[in-house]
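Have the structure open in a viewer with the sequence alongside. The stops below give a selection to make and then what is found there.

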Amino acid sequence: MSTRALVTGLGIIAPNGVGTEAYWSATLAGKSGIDQISAFDPSGYSTTLAGSVEEFAAAEFVPGRLIVQTDRWTQFGLAATAMALRDAGVEAADMPEYGVGVVTASSSGGNEFGQREIGRLWSQGPGAVGVYQSIAWFYAATTGQISIREKARGRCGVVVSEQAGGLDALGQARRVLREDGGVVVSGGTEAPLSPYALVCQIKSGRLSDARNPDECYLPFDRRARGHVPGEGGAILVAETDESARSRAANPYGEIAGYAATFDPRPGSGRPPALRRAIVQALADAGRAPEEVDVVFADAAGVPELDRAEAEAITAVFGPRGVPVTAPKTMTGRLYAGGSALDAAAALLSIRDAVIPPTVGTARLDPVCDIDLVYGGPRDARVRTALVLARGAGGFNSAMVLTAP
């Protein structure tokens, strides 16, 4: 169980940038991708703002025959995978037959594709439903399509744990590397901006009804009133140190520690389990709290959830004991893609010795006694980063990423 999991490639599709460097430069500049939903008229919904990937053209990344078979969420995954493999210098065709695996995360699946086909069913009858409806909506569709497209015939899987899914997929990728070796393509993407998907999210009661993009997602702020959704995500290439050395790869960093916990049922009187996930992830990485240089927060934007997260962070690191940031304020919450994107951002922080800012938040909730990085990026030597994620229903995940 001593095999290291090194991250050698990144592929990013985000509302504020398509491609790793485009996303990163926009994030450090505090450029947000949140605006009014453009995929349909949102005026009849309580939430009208989201992080949309306006610059993405599927035809630039995905063959036409696959576009008709896949939902936008899978197209993001295919594009991000191609970017990540190119960045890592991995050619799956040159690897052993079962040397490349795929583990992705999904939260809502191919909801836009599914809504379109169900509309055809009700308006035109069963004969109008496309043959790809049976696979395009399914949570594992992205994993399957990546595996086929890239000829990645190693161990494959999909994780469904909402916002925590991106970290859980990377945690599973590390497990696969320890058992099978080789290379694993992992992370998550999401495209939850169809009318049906938005209605499902609104029912959670956690979405913001703000109409101003600058004030719609303010985690840890005394004005916090929920979050807005977003689309996109990140795919990472993880591989063993042996595999990376054989190609003279230049890793971004290492997946050094990971833990997942589940909250007790409401009304049980037991505390949330995020703190336990943090402690276990640090123990798994062999790191003490004082060695952590930055925390990428889950940042729900819901006051009680923000306070619970701040309490967990201060319980481990002390009041204002570690810089905390939430660059997802520039993209919205990407669900299965969100924590994978945070993991990519943490690795870029390690690479460039800078902590990206939290935008929007300006009046810190006094109950949240954390050192939130806002107002601009902060130069800092980052050798160890902690990424946190919570999924609706009680999922908690924590991941420690360290310098290579």
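Select residues 384-391 and 395-402, strands β15 and β16: they form a hairpin with three residues between them. Strands here are DSSP E runs of at least two residues, helices are H or I runs of at least four, and both are numbered from the N terminus. In the turn, Gly 393 has a positive phi of about 105°. This is a predicted model, in which local features need pLDDT of at least 70 and side-chain atom pairs count only at pLDDT 80 or more, while totals for chains, interfaces and linings use all residues. Residues are numbered from 1 along each chain as its sequence is written, and side-chain values use heavy atoms, with hydrogens and water left out.

The two arms of the hairpin pair in the antiparallel sense over eight bridges; two strands count as paired if DSSP finds at least two bridges between them. To see the register, pick Thr 384, which stands opposite Thr 402 in β16.

Stay on β15 and colour by accessibility. Eight of its eight residues are buried, so the strand is largely enclosed by the rest of the structure. Buried means under 20% relative accessible area, exposed over 50%, and partly exposed in between, with a 1.4 Å probe and protein chains only. Thr 384, Leu 386, Leu 388 and Arg 390 point one way, Ala 385, Val 387, Ala 389 and Gly 391 point the other way, and all are buried.

Next add residues 294-296, strand β10, which pairs with β15 in the parallel sense over three bridges. Here Val 294 has Ala 385 as its bridge partner.

Go back to β16 and add residues 253-262. This is strand β9, where eight of 10 residues are buried. Eight bridges join β9 to β16, and the two run antiparallel; one to pick is the bridge between Phe 262 and Phe 395. β9 is also joined to strand β1, residues 5-14, by two bridges, again antiparallel. Val 7 and Gly 253 are bridge partners there.

Now move to β5, residues 100-105. Six of its six residues are buried. Val 100, Val 102 and Thr 104 lie on one side, with Gly 101, Val 103 and Ala 105 on the other. Which strands pair with β5 in the parallel sense? One is β7, over six bridges, with Gly 101 partnered by Val 184. Another is β6, residues 156-159, over four bridges, with Ala 105 partnered by Val 159.

Keep β5 and β7 shown and turn on cavities. A cavity is a set of points on a 1 Å grid over the protein atoms alone where a 1.4 Å probe fits but cannot get out; its lining residues have an atom within 4 Å of a point. The count comes to one cavity of 30 Å³ or more. About 40 Å³ of space lies in the largest cavity, where volume is the space filled by probe spheres set on the points, and points are joined across faces, edges and corners. Its lining includes Tyr 98, Gly 154, Arg 155 and Asp 180. The elements that give two or more residues to this lining are β5, α7 (165-180) and β7 (183-190). By class, the lining has five nonpolar, four polar and two charged residues. Ala, Val, Leu, Ile, Met, Phe, Trp, Tyr, Cys and Pro count as nonpolar, Asp, Glu, Lys and Arg as charged, and the others, Gly among them, as polar.

Select residues 72-88 for helix α3. How far apart are its end C-alpha atoms? They are 24 Å apart, which agrees with the 24 Å expected for 17 residues at 1.5 Å a residue, the expected span being 1.5 Å times one less than the number of residues. Of these residues, 13 are buried. At the N-terminal end, Asp 71 caps the helix, with a side-chain oxygen 2.9 Å from the backbone nitrogen of Trp 73. Just after α3, Gly 89 takes a positive phi of about 75°.

The last stops are two loop residues other than glycine with positive phi. Lys 151, between α6 (141-150) and β6, has phi near 55° and is exposed at 57% relative accessible area. Ala 353, between α12 (338-352) and β12 (354-355), also has phi near 55°, and is partly exposed at 33%.

Methods: Polar contact = N/O pair within 3.5 Å; in protein donor to acceptor, adjacent residues only side chain to side chain. 1 Å grid on protein atoms, 1.4 Å probe; cavity = no way out; pocket = protein on both sides within 12 Å on 5 of 7 lines; lining within 4 Å.
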